[in-house]
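Visitor: I would like a close look at one pair of packed helices. Please walk me through how the two are arranged and what surrounds them.

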Amino acid sequence: MKDLFQLAIQGVKQKGKLTILMIVNLVIGITLLLTMSTMVKLGGNSVLTNKAAQMHHFSLNYMDSDFEIRNQFRYPPLTFQDAQALKNADLEYKHLSFNYDTRFILESELDNARPMIATASASDIDYFSVFIVPFIYGAPWLDTQSDSDVIVIDKKVNDHFFSGENSVGQFIKVDKQSLKIVGVMDLSQHNRRISNMRFSNRYNDLAIVPMATAERMNLPRAGYMPCQTKEETQRGEYRQHNISALKSAECGYLHTWIEFDQQNHQQQLAAATLWARNYTQQQANLGRFPHEEKYKLNDLQLLLNEFAQFMRWEKVYLQFSYLLFAICLVNTVGILLAKYQSKNKLVSLYRALGASRWYIVKIHLIEISLIAFAAIIAGVLFAHLGLELMFQVSMYQMDYSADPSLVKLFFSMDYGFAFTSGAFIYAAILIAGLYPVYRISGISPASQLRG
Amino acid sequence: MSLKHILKLILKQKSISILIVFQVAITLMIVSNSAFISYATLQNWLIPSNLEEKQILNVVTHVYDEQVDKGQLIERDLAAIRALPEVVSATYSGEENVIDTRRSSNVVYSDNLDENAKDHSIALFGVDQQGVGSLMLNISSGRNFYANEFVTGDAETTPASVALISDDLANTLFEEGSPLGQTVYLNGSKTPYQVVGTFEDKMLGESATYDQVWYHGMVIPEAIYGRNNELNYIIRVAPNTSEKILETLETLFYQESGRIVSRVEFSARAKKRLWDGRSSFAFVMFAISAVALLITSLGIIALVTFSVKMRHKNLGILRALGASKSMVLKSLIVENSLLALVGLVLGFFLSLWLNMALLQTLGVQGTPDIIVGILVTLFVWLLTCFAAYLPARKATLIAPAQVTKAS
Amino acid sequence: MLSMQNISKIYRTELIETHALVDVNFEVNEGDFIAVTGPSGSGKTTFLNLTGLLEPFDKGQYFLDGQDVSKLNDSQLSKIRNEKIGFIFQGFNLISELNLYDNIEVPLIFRGLPSHERKQRIENALEMVGLASRGKHFPAQLSGGQQQRVAIARALAGQPRFLLADEPTGNLDTHMARQVMDLLQEINQQGTTLLMVTHDNELAQRAHRNIQILDGQLTDINKSQLTDLAV
């Protein structure tokens, strides 16, 4: 084995310029490919991937019959009436969480920091379990506090108002009203804001307020809130002011996430779907739910996959990368053929001296492997640079208005992915090398040795 | 060497020839589209805005305390702003900010009776007495507003009755005729305003630029607040004012409680945002093009090297028969150029295809430009010649002496 | 016509110096038919390369038609090779992708002759070697002897000062070899100077003058000494 290695390394060193050409060629192609493919892969990542199949967005479609559902993300949130019905339904599940997208001004009690505009959610305790929200201080509010003046803030808010100290028990003003902080969460690893079905990668929740409290304070409904045509004109009212009327309107504003147990997932999903069918049918008899598609329980995995479709620009870049890498491989074949052209005599001599054809093949496969290995390592290193460049371009594109630590999540090297990709690239290079190796191993002994 | 011989060689080395042709074609496809997009982006950047980007600032603030009297707050704000040494003038801004549409796009009609009248996208500015000065507008015909034509107040206020429009908008609406005295109708409610003057064209609107009507603008003497929580200003500062003014203004605004500052920025920043998406795409395509050019160059070096090696003996024969080194070099370059030419022709069609595909899937407009196309094609062709030159030079070193060795 | 004086050629590697030719003096007159013999490794090939301007020499002088070739650059040397020397190789060295007509045309194109003149010369040359009707054929379609005859035609078409042949019959069977020998002899009888390196006894016998190269030294020999040749 050692002798094989020695011979292989000799082969690498010989015709040094061609070897360097081959490595440079491969490194360029690999760097581009790794950079773009990592970006696309990260775009589909989520901390919720493990349970994405069991988490469903529960939608009951009260919209007009001619309302066009443009894509999987536009299935409407529940109306208040339907949310109540669902809450009271006798269904089995692990968690059920309602939320609505809101926005308010955070101010410090002590007036020692500037106010902050907060994108936030009005939700329930289940929110924290469903979305796997880690806490650095405190915990979610208790069941008994569901209507109390309490709030959970994010680390960024905590840093801004309390310099990162434990602020549990202290107060913060939300639209001028004081709420008590019960916990500080850290959403920095949550690369997308999923709870409101927007999947935004620019911001995440800065605070969570209990639903009842939010209603009492009339925190505005800032998210997707479609109404049936007859109520369209009232929508502005419902957003900002008239919460009581909203509760009886055919306007959905409560995004609903239901998580089933892993073991009984299928049965629980079936039961929930059945309930949705029966309920909407029954309501249809009362004149509601005119739409053909009356309910939809999309799971998060499907939504994440769907969202990947929207990464059109990155997909285009990736396709170019594949194309250019293919050209690299073809050029690799050319370089190997050129290299081996000069080796005919040497190989012929080896064969005359007793080396079998398989031995020759082994030497050359090892030689190619060494080169491929070097190129892949270099490619992974340079891909760091590539990702950093793409990160800068991305921040530029968003006019630096997005949260950089959040955006960075989409441009950080994923070593697991790099390893798997590296394996595929290695295989591709070996396959590309098969033809040249086949040719050179076919040199008959002494055929090149005359004169 | 004769052209016929070169062509036969190309056909004999089919695989190498095909590979070179394809690489060149694909590279041209990518590089030319990248060039078109960059050129289009550059053209956008180069549109004369006539805007004093570093002298006009946008301010966006939100009042969240319902108790605050907006009217009085505005007065206090303006007094404080105008007291700053760097500030030349400042106006309350009730409609759009400079290249920053706050709510929705605005349109104007020349006819309020025709249901199907064409709507024209405009940049709309509702300002107070210092508005025209803060926007640094030059009146080109008619007159500026009279002091008594300005209205101010909450959402119930009666609109103003007069307006200033840009020369370009005047041309579009009224063609050769004088716009002075004519009436324009604003938005869905078709609110009428009489044109009393026009101003020199300036790129002022965000959505107006999306619709490619760079200079459509309208100014009305209305300082109306209370339609929403926003309290916006447009400020003119002295030339060469440093960025510190942004911080100064922000601090000034925070001295009033119940209000949060969303944005204080030079209009230059707003203008930059217009082309962010396309610029970013151009950057990335540029990088990908560079990679494509590199790979193809390396590829040609490799393939020509291989080709020369295969023809080692034949090249020796030609040398023996009297071909000089420069003849050998020339014929190799010619051979490569012919292949590159075929590749470029193929690449031309691929470029057009890609251009359409990018437009359809991404909505990216990189209209092919003939001159840019020709320059790019020449560049790629020259690069392939250079790449072939390196191994071709080595080929000239093939000794004629080897022909006498036994075959 | 051709005059070499005190020619020496040394091959140097890192460790070894090989003296391929030492102090060689040699002259050729118009119409000569000279055969050069000698054992393998004696320097025959080097001598051939030097004569044909395929390789440079280290010491001495080489005059061709009164011109000192040692000071010429690559372009000039290539021109002389093209115009004054007609090569005939053991392995024929025809270009496989070109037909016979095109093969013969190659050196004529280098010279820049107009196409009608090229055509005339090629047709004459093919006629002379007895392959007049086969201009469109490819080398792969011909026998060894025929290929060599095409090579001879190629050499002749250029109307060189002398033909330089390297084992012209080395790759041919007896029958074809004899045909080629007859052809070469006839060409020489018509006035073309012929300088040939060969192992073939019979061919050497047909030459007017015999030269032997041994250990880098060149000497004239008698035909009677030819029987000692290594085959």
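Guide: A crossing is called left-handed if the near helix is turned anticlockwise from the far one by less than a right angle, and right-handed if clockwise. Keep that in mind for a pair in chain B of this predicted model. The pair is helix α2, residues 14-46, and helix α9, residues 276-310, both of chain B. Their axes come within 8 Å and cross at roughly 160 degrees. Angles over 145 degrees count as roughly antiparallel, so α2(B) is roughly antiparallel to α9(B). The crossing of these two helices is left-handed. By class, their contact has 17 nonpolar residues, 11 polar and one charged.

Now follow α9(B) into the interior. The largest nonpolar core has 170 residues. Helix α9(B) gives the most to this core, with 17 residues. A:Leu324 and C:Ala153 have the most contacts inside the core. Leaving aside neighbours within four places in sequence, A:Leu324 is in contact with B:Val291, B:Ala292 and B:Ile295, and also with A:Gly29 and A:Leu32. A second, separate core has 61 residues, including A:Ala83, A:Val152, A:Met211 and B:Ile260.

Chain B also meets chain C. Here 23 residues of chain B are in contact with 25 residues of chain C. On the chain C side, α1 (44-51), α2 (74-84) and α3 (100-111) each supply at least two residues. The largest share, six residues, comes from α2(C). This side of chain C divides into 10 nonpolar, eight polar and seven charged residues.

How values were computed. Residues are numbered from 1 along each chain as its sequence is written. Chains are lettered from A and ligands numbered from 1 in the order in which they are written. This is a predicted model: local features need pLDDT of at least 70, side-chain atom pairs count only at pLDDT 80 or more; totals for chains, interfaces and linings use all residues. Axes are lines fitted to C-alpha atoms, for helices over the stretch in contact, and angles run from 0 to 180 degrees between N-to-C directions. Helices (H or I, at least four residues) and strands (E, at least two) are DSSP runs, numbered from the N terminus. Angles under 35 degrees count as roughly parallel, over 145 as roughly antiparallel, 65 to 115 as roughly perpendicular and the rest as oblique. Ala, Val, Leu, Ile, Met, Phe, Trp, Tyr, Cys and Pro count as nonpolar, Asp, Glu, Lys and Arg as charged, and the others, Gly among them, as polar. Two residues are in contact if their C-beta atoms, placed from the backbone, lie within 7 Å. A nonpolar core is a set of buried Ala, Val, Leu, Ile, Met, Phe, Trp, Tyr and Cys residues joined through C-beta atoms within 7 Å. A residue is buried if 20 or more other C-beta atoms lie within 10 Å of its own, exposed if 12 or fewer, and partly exposed in between; C-beta atoms are placed from the backbone.
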